[in-house]
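Me: I am new to protein models. Please take me through this one in short steps.

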Amino acid sequence: GVQTCALPISQNLHAAIELQVIDEIATDPARALHQADMVFLGMPVAQTAHTLEQIAPYLQANTIITDAGSTKQDVIAAARHHLPMANRHHFVPGHPIAGAELSGVKAAQADLYHNKHVILTPLAETSIDAVKRVEQLWQACGASVSHMSADEHDRILAITSHLPHILAFTMMNHIRHSTPEPEQLLRFAGSGLRDFTRIAGSSPEMWRDICLANRETLIKQIDAYRDELLVLQKLLHEKDGEALQQTFMSARALRGDWLKP
């Protein structure tokens, strides 16, 4: 059966039972981990270290541990700090590149991982068998599995996920700060703004943790993005329509190549 551990028992867990997403609610780590073949850590990344510390005394030597955290270097550091070597042999850090802006079990989608990428960043000490088992789990969900180092993962995700979320949150705050009546302004916003800011509906707690966990790389990407904006601002000052159009054409071409079937 599938078990989950939480204290206190939340309304979300009771909904998961009713929807048959989980089989049992466990109220303490010992009960949750009893005879567990695999432990899947799914929580805001800042809670990972505390969770590993709680479960470490109850892990069997051959229990596989994996996670879905959006940053990996911090997760690996927490695992090396809290898990004994026997358990680190069976620790497989992972990140499914899939999700939605909604949270909670009622937002669950059965086909969420179908044709999506999952990145695994095994430790040097992680066993090949443990990696293979976690690969099989994700492949059973319809996902395509890739391997890379934790630092490469965090750099790539800073550009492709973490920065876009910051931009979406910032755009909504820019609207809020630009007028005393943002609701009136938003009445006239079209689908472009709605699509662009969809991910600003994501969990603030989760994204606070992700941004802080990957802050050094993210700061560099914010600087780089600011440089791109300054180039556009300069073109506007100079009324350089040709260069502006070339910039937009280059962006559209890259997006078109990315979205080709």
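Me: Does Tyr-113 count as buried, partly exposed or exposed?
Reply: Buried means under 20% relative accessible area, exposed over 50%, and partly exposed lies in between (1.4 Å probe, protein chains only). Tyr-113 has 23% relative accessibility, so Tyr-113 counts as partly exposed.

Me: What should I know about the model before going on?
Reply: This is a predicted model, where local features need pLDDT of at least 70, side-chain atom pairs count only at pLDDT 80 or more, and totals for chains, interfaces and linings use all residues. Residues are numbered from 1 along each chain as its sequence is written, and side-chain values use heavy atoms, leaving out hydrogens and water.

Me: What pLDDT does the chain average?
Reply: pLDDT is the predictor's confidence in each residue, from 0 to 100. In this chain, 95% of the residues score at least 70. Over residues 1-9, though, the pLDDT is below 50. The chain average is 90.

Me: How is the ring pair of Tyr-113 and Trp-138 arranged?
Reply: Rings of Phe, Tyr and Trp (its six-membered ring) pair if their centres lie within 6.5 Å; planes under 30 degrees apart count as stacked, over 60 as edge-to-face and the rest as tilted. Here the centres are 4.9 Å apart and the planes stand at 80°, so the pair is edge-to-face.

Me: Which residues do ring pairs link into a cluster?
Reply: The structure holds 2 aromatic pairs. Ring pairs join three names into a cluster: Phe-40, Tyr-113 and Trp-138.

Me: Which helix holds Trp-138?
Reply: Tyr-113 sits in the loop between S6 and S7, 25 residues from Trp-138. Helices (H or I, at least four residues) and strands (E, at least two) are DSSP runs, numbered from the N terminus. Trp-138 lies in helix H6.

Me: Within what arc do the buried residues of H6 fall?
Reply: The buried residues are Ala-130, Val-131, Val-134, Glu-135 and Trp-138. Seen down the axis, they line one face of the helix, because they fall within an arc (of directions from the helix axis to the C-beta atoms) of 135°.

Me: Which residues are exposed on the other side of H6?
Reply: H6 covers residues 128-140. On its other side, the exposed residues are Ile-128 and Ala-140.

Me: Which helix gives the most residues to the largest nonpolar core?
Reply: A nonpolar core is a set of buried Ala, Val, Leu, Ile, Met, Phe, Trp, Tyr and Cys residues joined through side-chain atoms within 4.5 Å. The largest has 17 residues. S3, H3 and H4 each give two or more. With 4 residues, the top giver is H4.

Methods
The expected span of a helix is 1.5 Å times one less than its number of residues. Contact means heavy atoms within 4.5 Å.
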